[in-house]
Amino acid sequence: MPQLRSVVLAGGGTGGHIYPLLAYADCLRRHDPHVRVTCLGTEKGLENDLIPKAGYDLRNVPAHQLPRKINLDLLLTAPRMLKAMKATRDVMDEVQADVVVGFGGYVAVPAYLAAWRRKTPMVIFEFNDPPGVANKMALKFSDNLALGFPHLPQASPILADGTITGVPLRPEISHLDRHAMRAQACQYFGLDPRRPVLFVYGGSQGAASINNAVSGAARALTHRGVQVLHITGARREEPIHIPEGLPVPYRTLPYLDRMDLGYAAADMVLARGGSMTVAEVSALGVPTVFVPMPWGNKEQYRNAGPVVDAGGAMFCDDEALNPSWIEANLIPVITDPHRVAAMSRASAAFGSRTGDEALRNYTLKVLEQA
């Protein structure tokens, strides 16, 4: 088996690219504390907050988002891309990269091109349907494709030959024993472990529709004995109003850095349908109400659809989410322990906790065959 001495990881901009990258980097370090891990990013991406804090070397390169339309930006793309590719290749030469693993996002484009020109083996990791622009481009240069979910080969012809690895998850998530940690987690948030808990979040920026609907249902939820742990979003400026004198706890936090405790306390989750959320709740077997973002290409419906089809989750359209929907559709589920248990089993049957190890093994296989 070849040895991984220096690995370049490319994927930035949003948490959806960065969190699996960091989980994979942690896996590499667990196997070999001396492996050199170099992460590529851009000056404006979220990676500048997350990657150095996690203890990894971050090198910013002048990558630019690929234009999706024919306009002036398209004319500027070639010289910009050459500049970004040269900067990326310089980083790879400096760290003597053995392999590049890309997680998507526009910073991955110059990494894939530099790896191709340098004849460095590359691995493309994809867990979205449809695949992102960067990874679609990379598939023209390499067929080393790792997939985060088992439904993806059937979802898109260009993913048909990919190898299913699962999504790399942080150890505090992938190793979490929800039942063993429930009492501790509830104590941490001031919740009663004997009563059901709804865990609500809408991403780091929050989601006004989710915040307004759940807070508006506060009386209906708590009068049925449902406690709420509500992450409102660190960048969400609009205050939400929670009525006073509720019969059971309704906790609000702007941000939670211990998502493992949130999941351990939860009987059910209400959240968007991003790929990382789908990967985490299904790995842990948490029944979920997915409220996909109402704009874009509807990819969050496709991300979460297989878990819904399996019986582990339910959908609510963003425009349909309101206190009445929660009262009519969510409360009867979360207050029924048998239904919660059945949904939990269905969700866990779809999910995977070993994506980091499987992606490492796949990377070693690619190196071996290079």
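## A tour of two sheets and an annotated site

Start by selecting T14, G15, G16, N128, R170, S204 and Q300: an unreviewed UniProt entry annotates these residues as "binding site". Keep in mind as you click along that this is a predicted model.

**Stop 1: G15.** Zoom in on G15, which belongs to helix α1, residues 15-31. Is G15 buried or exposed? With a relative accessible area of 15%, G15 is buried, because the cut-off for that label is under 20%. Now show what surrounds it: beyond its neighbours within four places in sequence, G15 is in contact with P20, L46 and M276.

**Stop 2: Q300.** Next, select Q300, another of the annotated positions. Q300 sits in helix α13, which covers residues 299-310. Its relative accessible area is 8%, so Q300 counts as buried too. Setting aside neighbours within four places in sequence, display R272, G273, G274, V291, P292, M293 and F315, with which Q300 is in contact. Which backbone atom does the side chain of Q300 reach at 2.9 Å? Draw a distance line to the backbone nitrogen of G273 and you have it.

**Stop 3: the sheet of 7 strands.** Switch to a cartoon view and look for the open sheet whose strand order is β3-β2-β1-β4-β5-β6-β7, with parallel pairing. Its edges are β3 (57-60) and β7 (163-164), each of which pairs on one side only. For a detail inside the sheet, select β1 (residues 6-10) and β2 (residues 36-41), a parallel pair joined over 5 bridges. One bridge to pick out is that of L9, whose partner in β2 is C39.

Now bring the helices back. Helix α16 (residues 355-369) packs on this sheet and touches β4, β5 (122-126), β6 (145-147) and β7. The direction of α16 makes about 150 degrees with that of β5. The helix from the first stop reappears here too: α1 lies across β1, β2 and β4 (99-102), at about 170 degrees to β1.

**Stop 4: helix α4.** Select residues 108-118 to see α4. Why call it largely enclosed by the rest of the structure? Because 8 of its 11 residues are buried. Colour A108, V109, P110, A111, Y112, L113, A114 and A115 to see those buried positions. Just after α4, stop at K119, which takes a positive phi of about 60 degrees.

**Stop 5: the sheet of 6 strands.** Move on to the open sheet ordered β10-β9-β8-β11-β12-β13, again with parallel pairing. The edge strands are β10 (250-253) and β13 (313-315), each pairing on one side only. From one strand to the next, the twist averages 15 degrees. Within this sheet, β8 (residues 197-201) and β9 (residues 227-231) pair in the parallel sense over 5 bridges. Label Y201 and you will find it opposite I231 in β9.

**Stop 6: α12 and its partner.** Finish with helix α12, residues 275-284. Helix α12 lies across β8, β11 (268-271) and β12 (288-290), running at about 165 degrees to β12. Add α15 (residues 337-350): the two helix axes come within 6 Å and cross at roughly 115 degrees. That crossing of α12 and α15 is left-handed. To see where they meet, show V278, V281 and S282 from α12 together with S347, A348 and F350 from α15.

Conventions: Residues are numbered from 1 along each chain as its sequence is written. This is a predicted model: local features need pLDDT of at least 70, side-chain atom pairs count only at pLDDT 80 or more; totals for chains, interfaces and linings use all residues. Side-chain values use heavy atoms; hydrogens and water are left out. UniProt positions are given in the numbering used here, feature names are shortened, and annotations may be inferred rather than shown by experiment. Helices (H or I, at least four residues) and strands (E, at least two) are DSSP runs, numbered from the N terminus. Buried means under 20% relative accessible area, exposed over 50%, partly exposed in between (1.4 Å probe, protein chains only). Contact means heavy atoms within 4.5 Å. A polar contact is a pair of N or O atoms within 3.5 Å; within protein, one must be able to donate a hydrogen and the other to accept it, and residues adjacent in sequence count only if both atoms are side-chain atoms. Two strands pair if DSSP finds at least two bridges between them. Axes are lines fitted to C-alpha atoms, for helices over the stretch in contact, and angles run from 0 to 180 degrees between N-to-C directions. A crossing is left-handed if the near helix is turned anticlockwise from the far one by less than a right angle, and right-handed if clockwise.
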